[in-house]
Amino acid sequence: MTPDETEELILQTWDFSDPKASHDAFKAHAERVGTSSLPGMALLTQAARALGLQGYFSGAAASLDQIETEVSSFTDTSYRQHAQARLAIERGRVLTSAGDPSQARPYFEAAPGHAEKAGATGLVIDALHMLAIVASEVDAPEDAVRWNRRALVAAESSDAPAARSWRAPLLNNLGWVYHDNGQHAAALEHFERALAAREESGT
């Protein structure tokens, strides 16, 4: 499986309303493609994410530790870069969910470089959007706006469906940042743009 094929499978598999079922599905997918393969390890990062969403933070961290040890044994290819990007993002997400966004930041900062080398624009945007979430919790609103806007530029300038699908969530997030900062006209503008992006994509 290529990184693009792995990302498509990840998108199709996630059911955020049922992280336990998602965990089991990602484990099954990883076993099917080989848990010792780089695509299999990228899928296992999602099983770890599902553990984090269930509140099993230590178990998620332990799983990511094991994946990182195995990924480090591979030569430097786009497949390895993809797995490393997923590892960094999911480590950051687990820390954020556990209430430690400051510790999560370095992982989100490292992820775009790996994702760019893997040619995974969607993961670059994912990492930038997580940096915006961290900024909204520990920094000033303008920092959250800056990261969201950087991610939005990447989404709007890409032809990749996985990247362009980020437009509506990013516009929605920007709307909430403006709303929470009392900038209601700007918030409404971004919510309306988010709605238009949803309608354009049929969702």
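**Exercise 1. Arg-167**

Which helix holds Arg-167? Decide also whether Arg-167 is buried or exposed, and list what Arg-167 touches.

*Solution.* The model is a predicted one.
- Step 1: Locate the residue. Arg-167 sits in helix α10, which covers residues 167–180.
- Step 2: Apply the cut-off. Buried means under 20% relative accessible area.
- Step 3: Compare. Arg-167 has 12% relative accessibility, so it counts as buried.
- Step 4: Find the partners. Setting aside residues up to four places away in sequence, Arg-167 touches Leu-152, Ala-155, Glu-156 and Glu-200.

**Exercise 2. The fold as a whole**

Count the helices and strands of the chain. Then judge how its radius of gyration fits its length.

*Solution.*
- Step 1: Count the elements. The chain has 11 helices and 0 strands.
- Step 2: Take the radius of gyration. The value is 17 Å, close to the 17 Å that the globule rule gives for 203 residues, so the chain is as compact as a globular protein of that length.
- Step 3: Add the dimensions. The C-alpha trace spans about 50 × 35 × 30 Å along its principal axes.
- Step 4: Check burial. Of the 203 residues, 46% count as buried.
- Step 5: Look at contact range. Take the contacts between residues at least 6 apart in sequence; 54% of these join residues at least 24 apart.

**Exercise 3. Helix α5**

Test whether the end-to-end distance of α5 agrees with its residue count. How many of its residues are buried?

*Solution.*
- Step 1: Set the expectation. Helix α5 runs over residues 78–97, and its 20 residues at 1.5 Å a residue should span 28 Å.
- Step 2: Compare. The end C-alpha atoms of α5 are 28 Å apart, which agrees.
- Step 3: Check cover. In α5, 16 of the 20 residues are buried, so-called "mostly covered".
- Step 4: Look past the end. Gly-99, just after α5, has a positive phi of about 90°.

**Exercise 4. Leu-64**

Place Leu-64 in its helix. Which residues is Leu-64 in contact with, beyond its neighbours within four places in sequence?

*Solution.*
- Step 1: Locate the residue. Leu-64 belongs to helix α4, residues 57–71.
- Step 2: Check burial. Leu-64 counts as buried because its relative accessibility is 1%.
- Step 3: List the contacts. They are Thr-45, Ala-48, Leu-87, Glu-90, Arg-91 and Val-94.
- Step 4: Take one pair. Leu-64 and Val-94 lie 30 residues apart in sequence, with 9.9 Å between their C-alpha atoms.

Definitions and conventions. Residues numbered from 1 in each chain as written. Predicted model: local features only at pLDDT ≥ 70, side-chain atom pairs only at ≥ 80, totals over all residues. Heavy atoms only, no water. Helix = DSSP H or I, 4+ residues; strand = E, 2+ residues; numbered from the N terminus. Rg over C-alpha atoms; globule rule 2.2 N^0.38 Å. Buried < 20%, exposed > 50% of the residue type's maximum accessible area, 1.4 Å probe, protein only. Contact = heavy atoms within 4.5 Å. Expected span 1.5 Å × (residues − 1).
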